[in-house]
Amino acid sequence: MQYVSTRGAAPRMGFEDVTLAGLASDGGLYVPESWPGFSRDEIAALRGLSYVDTAVAVMRPFVAGALTDKELKSLCETAYGRFSHAAVVPLKQLDHRQWVMELFHGPTLAFKDVALQLLGLLFERFLRDRDTHLTIVGATSGDTGSAAIDAVAGRAKIDIFMLHPKDRVSDVQRRQMTTVLAPNVHNIAIEGSFDDAQALVKAMFAHQSFATRYNLGAVNSINWARLMAQVVYYFYAAVRLGAPDRPVAFSVPTGNFGDVFAGYVASKMGLPIAKLIVATNVNDILHRALSAGDYSVGSVTPTAAPSMDIQVSSNFERLLFDMHGRDGAALAASMRGFEETKKLVIPAAMRGEVEGLFTSARIDADRMALAMRWGQDKAGELLDPHTAIGFAAAQDADLPADVPVVTLATAHPAKFRDAVERATGNRPALPSRVGNLFEREERYATLPATIEAIEDYVSDQVGVDA
Ligand SMILES: Cc1ncc(COP(=O)(O)O)c(C=O)c1O
Ligand SMILES: N[C@@H](CCOP(=O)(O)O)C(=O)O
C-alpha cells in the first residue's frame, strides 16, 4: 500500500515511512492512494472474530509491505491486552435501537487508547533497526496527551513533547499527563487554546530545518496510523449488529474529525453504514461546514466537553481531498486560502459527494445534560459529556426505524466527574487502573504560545542545538 499527501506535492510513501513521518512535507496529510474494498463475503467472515482478529483483517491492506500478519497480530495482542474489558470495545444496548460502544476501557480511559496503544508499538517496531531518534510533538485538548504519553513513556529512541491549553483540560486529564515522570516525557501548558497548540505543532513541522534536525514525529490524528486503527471498531460493531445484511448508523462526538473520518474510511471499504452523525458542541464549525458549506473559524467557547473545544479540525482536510476529486493541487490552493482568511466555502455540488453519508448536529449544554440524565435514568449508563453529545444527536436524528444507531462512547465518565455530577447528581469513581492520580507529583512547563518558546524548549530538552 502506498500513501499520497492531500496537498499533492510530498513523496509517495509506504506505511512504515508514513507512520514515522506524521505530517507530509508539503503540509498535507497522508491518505491511502486508493481505498481498499471488502466484499460482502469478506465482511460476513468477520462475524464472531475477536477484536484482535478483526483488527488484523481490517488493517491488513493498510500495512501491506510493512508488517506480516503474524507481526501485526502480535502487536494487536499486546496493545489490546492492556484493555480492562475482555471484548476490548463492548457494545451496550440502551433501548430498542440505540447502542453505545464503550471505547474507554484502555489505560487512560478514552478512545484514544485504541489507536495510541498500537501506535506506540509501531514506533518501537519501526525504530528498532534504525539509527534514529524520534521527537514527537503533539497537541492535546486532554485525551490524546495522556494516551500518547502512556503509549511511549520510557521507550528508547523517543522523546515526546505534549502541548495542552493551560487550565482548559479537566483535572483528571491534566494529572494523567503531568504525573508521568519518565525522562522522555515533556508536558507543556501553553497560554492559549487547543487550536493554538495544534497550529504550533504544524508550524514546527513546516519549519523544515527544525523538523529535519529533530526528526519530528506525530501522535495526533494527522498520523494516518491513528485513523487506521480506529476503522476497526466500526467493522467490529457493525457485524455484531447485522452487517453486511443490515446497514448501521454511527453517532460520533467530533472535534478533530479523526474518529468520524475513520467511519468514512470504513464506508469507503464497503461497510454498509446508513449514516455518520457528526455531533459537535457549541464549537460547531463542522456542523456548519457539513450542513451549510460554511467552514469558517469563530472563537472557541470553553464547554463541559473540553476535548471537543476545537475550531480547526485537522482531518477535515482528508474529507476535503475526496470532495476535491483527490486533486492535491486544487486542495492545496483551497487550504492556502483557508489559512489566510480562516474561511472556506464548500459549494453544494462538492458537498454532494458525501451528503448521503453524513448528517450533523450541534448540541448545546442543556441538551447534553438531558442526554446524560436519560442515560442514567432510563438505561443505567453514565455518559461522559462527549458521549452525551453523540447520544443526544443520535436520539434526535431522522433515520429509518429499522436502522440501529451506535454512539461512540469516547471517554469514561470519571474523566469528567465534575460535569457528570452537575448533570446527574452522581459522581463517578475513578477506575483503579489509573492509580493514585491525586497523590502523585506533577511536572510540566508553562510557556507562551509562540513557536520560538516551544522550539527553544524542545532544543534544550533534547540537547541538539537548533
Ligand atoms: C472524549 C473525546 N470525545 C471526542 C473527541 C473528538 O474526537 P475527534 O477529534 O477524533 O473528532 C475527543 C478528542 O478529539 C475526545 O477526547
Ligand atoms: N480531543 C483531542 C484533540 C486532539 O485530537 P487528535 O485525535 O488529533 O489527537 C485530544 O484529546 O487531545
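Biologist: Let's start at the N-terminal end. What makes S1 and strand S3 (residues 30-32) count as a pair?

Modeller: In this predicted model, three bridges join S1 to S3, and the two strands run antiparallel. Pairing takes at least two bridges, so S1 and S3 qualify. You can find Val4 with Val31 as its bridge partner in S3.

Biologist: And how do you know that strand S1 (residues 2-5) pairs with strand S2 (residues 13-14)?

Modeller: Two bridges join S1 to S2. The requirement is at least two, so S1 and S2 count as paired. They run antiparallel, and Gln2 stands opposite Gly14 in S2.

Biologist: Which annotated stretch does UniProt list for residues 2-80?

Modeller: An unreviewed UniProt entry lists residues 2-80 as "domain: Threonine synthase N-terminal". The span is 47% helix and 11% strand, with its end C-alpha atoms 26 Å apart. For residues 92-327, the UniProt entry, again unreviewed, gives "domain: Tryptophan synthase beta chain-like PALP". There the end C-alpha atoms lie 41 Å apart, and the span is 42% helix and 20% strand.

Biologist: Now the helices. Why is helix H5 (residues 112-127) called oblique to helix H10 (residues 224-240)?

Modeller: The axes of H5 and H10 cross at roughly 130° and come within 8 Å. Roughly perpendicular covers 65 to 115 degrees and roughly antiparallel needs over 145, so the angle of H5 to H10 falls among the rest and is called oblique.

Biologist: Which hand does the crossing of H5 and H10 have?

Modeller: H5 passes H10 in a right-handed crossing.

Biologist: What makes S9 and S16 edge strands?

Modeller: Each of them pairs on one side only. The open sheet has five strands in the order S9-S6-S7-S8-S16, with parallel pairing; strand S9 (216-217) and strand S16 (445-448) are its edges.

Biologist: How do you know that strand S8 (residues 185-191) pairs with S16?

Modeller: Four bridges link S8 and S16 in the parallel sense. At least two are needed, so S8 and S16 meet the rule. Look for Ile190, which stands opposite Leu447 in S16.

Biologist: On to the ligands. What makes Asp143 part of the shell around ligand 1?

Modeller: A residue belongs if its C-beta atom, placed from the backbone, lies within 6 Å. Of the 16 residues around ligand 1, those that come nearest are Asp143, Asn256, Gly258, Ser307 and Thr410. Helix H11 (residues 258-268) gives the most to this shell, with three residues. By class, the shell has six nonpolar, eight polar and two charged residues.

Biologist: Which residues come nearest to ligand 2?

Modeller: Among its 13 residues, Thr140, Asp143, Thr144, Asn220 and Ser221 come nearest. Helix H6 (residues 143-152) supplies the largest share of that shell, three residues. Twelve residues of the shell are polar, one is charged and none is nonpolar.

Biologist: Any backbone details to check? What kind of peptide bond joins Ala243 and Pro244?

Modeller: That bond is cis, with omega about 10°. Pro244 sits in the loop between H10 and strand S10 (248-253).

Biologist: And what is notable about phi of Leu109?

Modeller: Phi is near 70°, a positive value in a residue other than glycine. You will find Leu109 in the loop between strand S5 (98-102) and H5.

Key: Residues numbered from 1 in each chain as written. Chains lettered and ligands numbered in written order. Predicted model: local features only at pLDDT ≥ 70, side-chain atom pairs only at ≥ 80, totals over all residues. Nonpolar A, V, L, I, M, F, W, Y, C, P; charged D, E, K, R; others polar. UniProt positions renumbered as here; feature names shortened; annotations may be inferred. Axes fitted to C-alpha atoms, helices over the stretch in contact; angles between N-to-C directions. Parallel < 35°, antiparallel > 145°, perpendicular 65-115°, else oblique. Left-handed = near helix turned anticlockwise from the far one by under 90°.
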